[in-house]
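Work through the exercises below with the model open. Each one gives a task and then a solution in steps.

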Amino acid sequence: MGSAIPSMGRARRRAAVLTSAVGALVLGAGGITSAHAAPLIGTTTLWVATTGSDSNPCTKSQPCARMQFAVDNAPVGSIIKVKAGTYNQTVNITKPLTLSGAGVGKTIIDGSNIDTEAMGYFGVISVENNAGAGGHINIHGMTVENAFITQAEYDDFASPTDVIVYNDNNAGDTVTISQMSLLAVQNSNTFAGVGFDTFNDAANVSFTHSSVSGTFQGALLEGGGIGGHVTVGNVNFNHLINCSATACGSVFPAEGLFVLSDQPGTAVDTINSNKFLAYAGFGIAADAGYAGGNCSGSNGPCTGNVTLTANYNAFALGACASSSDSCAAIFMHAKPGNELSAQIKGNTGTVHHPDGLIVEAADTGVYNVTEINNHIHFA
């Protein structure tokens, strides 16, 4: 058993999401444009290019300019191909479809100076399919960077985020995000940034075969009380950064993957075959229940249970700044009145003193943890 650490992460207070501008008008980086300026011709493959125009029919030879325009006009089940280039855009996906880039480092989605929360969604790429039919949502083959928020939004417990699956209450959805490179957010010295975020989804979500670097939290799996299962596999979390004193009040160590169960119910997460490398901080951390952020004071603590599978992950982590940080390769915390169940199997690698290896924090929550054949050592 280890000592309890300060509350990690930033549990968010999400205001009721504004009605997204789908249909009549679309608000994008370039202003307001008619979403029906160019009626589509019935194709199920739409194209977006840096040389395109939203007066085009989104064909390969006459591509659109904006991903949001293509999404808003695409029939359910469409494939939207985003050609190579750098796009200072964001997009909210509100129906089953595929968003396909030309590959990591080729299609670059740059969220610089675009306030998505003002447009009613969160993240440079957002998935939020609540109103329509369930189905498959696939996102792959892109680099995402420079997520942006305002200071007021950050003060209200939002964080700049590269890719988010937010409060997707459609249990018929499966969301697959793969072959992505998620990079630093805009103004990372001022705001604690997140690479990949899920929040209280009924949809089943997977994030695989990707990399995250330059953010404070590599992945934040938050909420989780309404039934969705989150899988993270074959993701390389590397060169993450500490949360600065400006952003967090004091310097706080980087978090590779943080399971934050702060909604009634049970977060079910499978975290297998990932790598946590080349930074000083936490590898995998899980909190059953939460008392930080918006879950403090009169709003908290928040309740929530965790069922965690964390197998065959590899760690090569540096030491946190001081022993009071209590970092670890795998850190689990069950707060009073909450339960954390976990299988921790076949994990390998190294950490540096004063960090821990596999730690169950001392508290009065219930732990049901099985550890099998783990080989994590002090370097």
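**Exercise 1. Contacts in the core**

Find which residues I80 is in contact with, leaving aside its neighbours within four places in sequence, and place I80 in the largest nonpolar core.

Solution. Step 1: the structure is a predicted model. In it, I80 is in contact with L46, V48, A70, V71 and A74, and the list continues with L97, T98, L99 and S100. Step 2: the largest nonpolar core has 94 residues. I80, L99 and F196 are the members that touch the most other members. Step 3: strand 19 supplies the largest share of this core, with seven residues.

**Exercise 2. Salt bridges**

State how many salt bridges a search of the whole structure finds, and describe each pair.

Solution. Step 1: the search gives two salt bridges. Step 2: one joins the side chains of D54 and R66, with an N to O distance of 2.7 Å. D54 and R66 each lie in the loop between strand 3 and helix 1, so this pair ties together parts that are 12 residues apart in sequence. D54 and R66 are both buried. Step 3: the side chains of D287 and K335 also meet in a salt bridge, at 3.0 Å from N to O. Here D287 belongs to strand 19 and K335 to the loop between strand 22 and strand 23, so the parts tied together are 48 residues apart in sequence.

**Exercise 3. The surroundings of K335**

Decide whether K335 is buried or exposed, and list what K335 touches beyond four places in sequence.

Solution. Step 1: K335 sits in the loop that runs from strand 22 (328-334) to strand 23 (339-345). Step 2: its relative accessible area is 10%. The cut-off for buried is under 20%, so K335 counts as buried. Its salt-bridge partner D287 is buried as well. Step 3: K335 touches D287, A288, G289, Y290 and A291, together with D363 and G365.

**Exercise 4. Backbone geometry**

Locate the cis peptide bonds at P301 and P354, then the positive phi values of C58 and F157.

Solution. Step 1: G300 and P301 are joined by a cis peptide bond with omega of about 0°. P301 falls in the loop between strand 19 (275-288) and strand 20 (305-311). Step 2: the bond from H353 to P354 is cis too, and its omega is near 10°. P354 is in the loop between strand 24 (348-351) and strand 25 (356-360). Step 3: C58 is not a glycine, yet has a positive phi of about 65°. C58 is part of the loop between strand 3 (45-48) and helix 1 (67-73), and with 0% relative accessibility C58 counts as buried. Step 4: F157, also a residue other than glycine, has phi near 75°. The loop between helix 2 (151-155) and strand 11 (161-166) holds F157.

**Exercise 5. Confidence along the chain**

Give the mean pLDDT of the chain, and find where pLDDT stays under 50.

Solution. Step 1: the mean pLDDT is 88, and 87% of the residues reach 70 or more. Step 2: residues 1-8 have pLDDT below 50, and this stretch has 30 contacts in the model beyond near neighbours in sequence. Step 3: residues 10-39 stay under 50 as well, with 78 contacts beyond four places in sequence. Step 4: where pLDDT is low, predicted coordinates should not be read in detail.

Note on methods:
Residues numbered from 1 in each chain as written. Predicted model: local features only at pLDDT ≥ 70, side-chain atom pairs only at ≥ 80, totals over all residues. Heavy atoms only, no water. pLDDT = per-residue confidence, 0-100. Contact = heavy atoms within 4.5 Å. Helix = DSSP H or I, 4+ residues; strand = E, 2+ residues; numbered from the N terminus. Buried < 20%, exposed > 50% of the residue type's maximum accessible area, 1.4 Å probe, protein only. Core = buried A, V, L, I, M, F, W, Y, C linked by side-chain atoms within 4.5 Å. Salt bridge = Lys/Arg side-chain N within 4 Å of Asp/Glu carboxyl O.
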